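Reader: I am new to this structure and should like to learn how to read it. May we go through it feature by feature?

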Amino acid sequence: MAIKYIPEPFRIKMVEPIKMLTRQEREQKIKEAKYNLFNLRGEDCYIDLLTDSGTNAMSDQMWAGIMGGDEAYAGSRSYYKLEDAGKDIFGYDYIQPVHQGRAAEKVLLPLLLGEGKLSVSNMFFDTTRAHVILSGARPIDCVVPEAKDPSKRAPFKGNMDLAKLESLLKEHGRRIGLVVMTITNNSAGGQPVSMKNMRETYALCQKYGVPLNIDAARYAENAYFVKRDEPEYKDASIKDIIREMFSYGDTFTMSAKKDTIVNIGGMLGVRDSASPLVIQIKANCINYEGFYTYGGLAGRDLEALAIGLYEGIEESYLRYRIGQMEYLAARLDDAGIAYQSPVGGHGVFVDAAQMFPHIPYNEFPAQTLCIELYKEAGIRTCDIGSYMLGNDPDTGRQLHADFEFSRLAIPRRVYTQAHLDLMADALIEVKKRSQEVKRGYRITWEPPILRHFQASLEPIK
Ligand code: F0G
């Protein structure tokens with residue numbers, strides 16, 4: 001193995017005990033959970049890789065900030081601290097806190113979309129896709145073709161397909177209410193978007209008069225990849241890279257539960273404070289989230305958010321963070337286990353279609369692998385494939401996803417090198433007996449939208 005683990009740029013001051021159930025207990029728990037990993041109790045998971053969202057370890061400084069939070073209903077000191085940090089880092093005039101990413105989507109998307117409209121993205125995350133559909137519009141994914149080949153190692157596989165975007169803009173014009181640039185591209189495997197691609201996408205949007213929103217959940221990890229892989233940025237600071245990235249958008253929506261290293265929080269930004277959107281955003285926010293200086297968060301959460309914004313863009317931290325992904329990916333390379341490669345920013349997306357080539361998309365190979373990993377070592381992961389994608393909203397038919405990934409999302413500053421080794425060993429064990437897993441799963445109950453959170457499944461005999 002050619003990769004060296006990068007030592008943590010922090011030391012541990014507080015611990016949280018975890019325990020592993022026996023295999024028999026795990027088999028019983030997943031059966032009781034109707035084979036849906038969202039139904040498991042957190043304490044029944046030895047290593048919880050369901051998501052990197054809100055599962056991060058805050059620092060001593062962030063915890064100290066919590067004690068200093070100002071709980072004023074309007075005009076809290078903590079809000080102004082957050083506003084200053086947001087303006088400083090992103091260069092946007094208007095910064096609106098919200099309680100998490102999907103709240104920002106709920107506030108913004110109906111202002112730009114509605115019945116008959118379309119929205120195009122390098123790839124929508126599932127809640128963003130849901131908010132496009134809830135507004136009455138329809139989502140179109142427009143990622144570069146290389147993203148769809150997990151074995152093809154290319155930089156910036158999260159990029160927008162510019163030729164396809166331009167032909168969509170030509171064909172539909174202003175019927176496209178919004179272009180969404182997701183950085184990093186979560187659904188494509190945490191793959192980054194290059195600065196060049198962000199610049200060119202924004203130029204196309206301006207040419208056709210369509211606004212661009214940055215879905216910025218993992219913007220700091222994206223900036224690190226720009227520095228690492230786009231030669232003209234190798235000497236630029238992470239902060240300067242972020243400033244330029246955000247100059248290629250009109251608004252941003254952000255789940256701060258990722259790169260801002262907090263357990264709850266989100267933001268919405270508008271680059272130009274003269275935009276009529278600001279007044280509409282404030283109104284929606286007051287209706288759905290709370291007064292616009294707290295946006296559904298406690299003052300203490302605003303404080304942690306303001307501090308976390310700076311910790312999340314520190315280069316030594318980002319090097320260690322991406323280093324964890326590279327280490328885990330290198331162990332899988334040694335074992336011949338396929339994943340979306342090169343590895344992205346917040347996790348390893350294992351190619352379950354390669355692990356179980358005999359299980360078809362409509363028997364959910366990625367969900368099958370997630371269940372096997374839980375049975376194997378108490379590791380909780382999630383399906384980013386046909387099971388998550390769900391049914392066509394117009395025909396009700398099961399959609400066939402471009403990928404069948406089981407995502408090992410790595411929480412920030414939480415797991416050690418030995419935990420990463422345990423993840424790799426578990427995957428190797430499942431691969432050894434992959435032929436014994438003959439069939440996948442069928443859904444016995446599902447809700448109409450975002451079904452994967454709640455559906456019940458059973459193994460196909
Ligand atoms: N956009 C992206 C790219 C996301 O990854 C997420 C959440 C959201 C928006 C919504 O943010 O959860 O704060 O409401 N992703 C999490 C995940 C849930 O597991 O990938 P939220």
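Reader: To begin with a single residue, in which strand is V179 found?

Author: V179 is found in strand β5. Helices (H or I, at least four residues) and strands (E, at least two) are DSSP runs, numbered from the N terminus. Residues are numbered from 1 along each chain as its sequence is written. This is a predicted model, in which local features need pLDDT of at least 70 and side-chain atom pairs count only at pLDDT 80 or more, while totals for chains, interfaces and linings use all residues; side-chain values use heavy atoms, with hydrogens and water left out.

Reader: Is V179 buried or exposed?

Author: Buried means under 20% relative accessible area, exposed over 50%, and partly exposed in between (1.4 Å probe, protein chains only). V179 counts as buried because its relative accessibility is 0%. Contact means heavy atoms within 4.5 Å; leaving aside neighbours within four places in sequence, V179 is in contact with residues including V120, M160, T201 and L212. The C-alpha atoms of V179 and S121 are separated by 5.7 Å, although these residues are 58 apart along the chain.

Reader: How should one read a helix, and how does the span of α11 agree with its number of residues?

Author: An α-helix has 3.6 residues a turn, so residues three or four places apart point the same way. The expected span of a helix is 1.5 Å times one less than its number of residues. For the 13 residues of α11 (residues 299–311) this gives 18 Å, and the end C-alpha atoms are 19 Å apart, which agrees.

Reader: Why is α11 described as largely enclosed?

Author: Of its 13 residues, 11 are buried, so α11 is largely enclosed by the rest of the structure. The buried residues of α11 pack against several elements, among them α3 (77–90), β2 (94–98) and α12 (315–335).

Reader: In what order do the strands of the open sheet stand?

Author: Two strands pair if DSSP finds at least two bridges between them. Here 3 strands form an open sheet in the order β9-β12-β11, with antiparallel pairing. β9 (347–351) and β11 (382–384) stand at the edges, each with a single partner strand, so one side of each has no neighbour in the sheet. β11 is joined to β12 (residues 405–409) by 3 bridges, and C382 has R407 as its bridge partner in β12.

Reader: Which residues are closest to the ligand?

Author: A residue is near a molecule or strand if one of its heavy atoms lies within 4 Å of it. The ligand is surrounded by 17 residues, of which T51, R102, S255, K258 and R407 are the closest. A polar contact is a pair of N or O atoms within 3.5 Å; within protein, one must be able to donate a hydrogen and the other to accept it, and residues adjacent in sequence count only if both atoms are side-chain atoms. A polar side-chain atom of R407 lies 2.7 Å from an oxygen atom of the ligand. For R218, an N or O atom of the side chain is 2.9 Å from a ligand oxygen atom.

Reader: Which residues does N186 contact, leaving aside its neighbours within four places in sequence?

Author: N186 is in contact with F125, R218, H346, F349 and R407. N186 lies in the loop between β5 (176–182) and α7 (195–208), and at 3% relative accessibility N186 counts as buried. T184 also has its place in the loop between β5 and α7, and a cis peptide bond joins I183 and T184, with omega about -25°.
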